[in-house]
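Colleague: I would like a close look at a single part of this model, taken slowly enough for a first-year student to follow.

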Amino acid sequence: MLKKLGEILVFNEVVTSEQLKLAIEVQRTEGGLLGDVLIKLGYAKERDIVLALTMQYGFPFLPLESYELKKELAEVLPEEMARKYSMVPLDMIGSIFTVAMSDPLNTKAIEEAESKTSKKVQAFISTVSSIYEALDKLYKQG
């Protein structure tokens, strides 16, 4: 059975049970994703949430900070689609197109990328901030 994000964060001692309860209450009243609420409240860091999601769903985590981006892939995945889905093109080998995403559970994004590239998409998970930085580098003008 799949453990809940909050359970993983408490187990990993990222947040306390009390902090989790408060965050769930905030989520109920304000909406949004639990991970985002925990970050906004200052109880967890972006990387803590991503690592917990990695444990929860088994997606491999890829820190993009030191990853060498390939400019030619910017032509394969249009900037508009990449930004819409927070998806960074990483590599294309044979029939596999590798991307980093903040939400690798977004099947619509993966299906669109597969349709656009005619390749099977393999997704890694990364932090939202590192994805935006990578997209800015990859698609910078000029």
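By class, how many nonpolar, polar and charged residues does the lining of the largest pocket have? Please go on from there to the salt bridges of the helices α2 and α3.

Modeller: Please keep in mind that this is a predicted model. The lining of the largest pocket has 13 nonpolar, six polar and three charged residues, and the space inside this pocket comes to about 550 Å³. Among the 22 lining residues, those closest to the centre of the pocket are Leu33, Gly35, Ile49, Leu53 and Ser102. Two elements, α3 (34-40) and α4 (46-57), give two or more residues each to this lining, and α4 gives the most, with six residues.

Helix α3 also holds Lys40, whose side chain meets that of Glu30 in a salt bridge, at 2.8 Å from N to O. Because Lys40 lies in helix α3 and Glu30 in helix α2, this pair ties together parts that are 10 residues apart in sequence. Lys40 counts as exposed, at 59% relative accessibility, and Glu30 is exposed too, with a relative accessible area of 53%.

Within helix α2 (residues 17-30), Glu25 and Arg28 are three residues apart, which means that about one helical turn separates them. These two form a salt bridge in which the closest N and O atoms are 2.7 Å apart. Arg28 is exposed, with a relative accessible area of 62%, whereas Glu25, at 42%, is partly exposed. A search of the whole structure finds seven salt bridges.

Technical notes. Residues are numbered from 1 along each chain as its sequence is written. This is a predicted model: local features need pLDDT of at least 70, side-chain atom pairs count only at pLDDT 80 or more; totals for chains, interfaces and linings use all residues. Side-chain values use heavy atoms; hydrogens and water are left out. On a 1 Å grid over the protein atoms alone, a cavity is a set of points where a 1.4 Å probe fits but cannot get out, and a pocket is an open set with protein on both sides within 12 Å along at least five of seven lines; lining residues have an atom within 4 Å of a point. Grid points are joined across faces, edges and corners, and a volume is the space filled by probe spheres set on the points. Helices (H or I, at least four residues) and strands (E, at least two) are DSSP runs, numbered from the N terminus. Ala, Val, Leu, Ile, Met, Phe, Trp, Tyr, Cys and Pro count as nonpolar, Asp, Glu, Lys and Arg as charged, and the others, Gly among them, as polar. A salt bridge is a side-chain nitrogen of Lys or Arg within 4 Å of a carboxyl oxygen of Asp or Glu. Buried means under 20% relative accessible area, exposed over 50%, partly exposed in between (1.4 Å probe, protein chains only).
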